[in-house]
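Look at the structure below and keep it in view while reading. The text goes from one pair of charged side chains to the next, and then to strands and a helix.

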Amino acid sequence: MKASKNLIPLLFLLIPSLSFTPPAKEIRWSPDRRLSYTDFGGPVPSSSPWAATTNSSIYFSYQETNGQLKSVTVYSSFDPASSWMKTQTPEVLRHEQLHFDITEYFARKFYADASAFTYQPDGGRKLKDLFQQ
């Protein structure tokens, strides 16, 4: 069995990234795990007018056998080292959690759409094309 793996981040907000691997200390989205003030460990830019920034991404991987897509894994990730919070209020924390929740929404949407390519020839290429849309 040939295994192919692609990890492509989809970033929300102001943090650009050229990395295609998850952060070392990522927080994966879970309905049982809400963000807390201590999750925002990145350096706060002194000149930023923003109260906080969330760096969240969508990652996916897949497996192919003989060019046929066999499985797809998709998840959302929060990067504490690139996310920061200058103004620690419940309103700001809820707002940043909403950004992470939106990332999860799009991860689920991508997974639902990607599942249609399972057991199709050239499914990996179709999956990459779908992610770029």
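Glutamate 26 is partly exposed, with a relative accessible area of 22%. In this predicted model, its side chain meets that of arginine 28 in a salt bridge, with 3.1 Å from N to O. Arginine 28 is partly exposed as well, at a relative accessible area of 47%. Side chains of opposite charge can pair when their charged atoms come close. The structure holds 6 salt bridges, and two others are described next.

One of them joins the side chains of aspartate 39 and arginine 33, at 2.8 Å from N to O. Is aspartate 39 buried or exposed? Its relative accessibility is 8%, and buried means under 20%, so aspartate 39 counts as buried. Arginine 33, with 31% relative accessibility, counts as partly exposed.

Another salt bridge links the side chains of arginine 34 and aspartate 101, at 3.2 Å from N to O. Where do these two residues lie? Arginine 34 is in the loop between β2 (27–28) and β3 (52–53), while aspartate 101 belongs to helix α1 (residues 90–114), so the pair ties together parts that are 67 residues apart in sequence. Arginine 34 is partly exposed, with a relative accessible area of 43%. Aspartate 101 is also partly exposed, at 22%.

Now turn to the strands. Strand β4 covers residues 56–65 and is mostly covered itself, as 8 of its 10 residues are buried. Its partner is strand β5 (residues 68–78), and the two pair in the antiparallel sense over 10 bridges. Within this pairing, serine 61 stands opposite threonine 73 in β5. The two strands form a hairpin, with 2 residues between them. Asparagine 66 is in the turn and has a positive phi of about 50 degrees.

The last element is helix α2, residues 123–132. Which of its residues are buried? They are Gly123, Gly124, Leu127, Leu130 and Phe131. These residues cover an arc of only 120 degrees around the axis, which puts them on the same side of α2. An α-helix has 3.6 residues a turn, so residues three or four places apart point the same way. What do the buried residues of α2 pack against? They pack against β4, β5 and α1. The hairpin strands β4 and β5 are thus met again here, together with α1, the helix that holds aspartate 101.

Notes. Residues are numbered from 1 along each chain as its sequence is written. This is a predicted model: local features need pLDDT of at least 70, side-chain atom pairs count only at pLDDT 80 or more; totals for chains, interfaces and linings use all residues. Side-chain values use heavy atoms; hydrogens and water are left out. Buried means under 20% relative accessible area, exposed over 50%, partly exposed in between (1.4 Å probe, protein chains only). Helices (H or I, at least four residues) and strands (E, at least two) are DSSP runs, numbered from the N terminus. Two strands pair if DSSP finds at least two bridges between them. A salt bridge is a side-chain nitrogen of Lys or Arg within 4 Å of a carboxyl oxygen of Asp or Glu. The arc is that of the directions from the helix axis to the C-beta atoms. Contact means heavy atoms within 4.5 Å.
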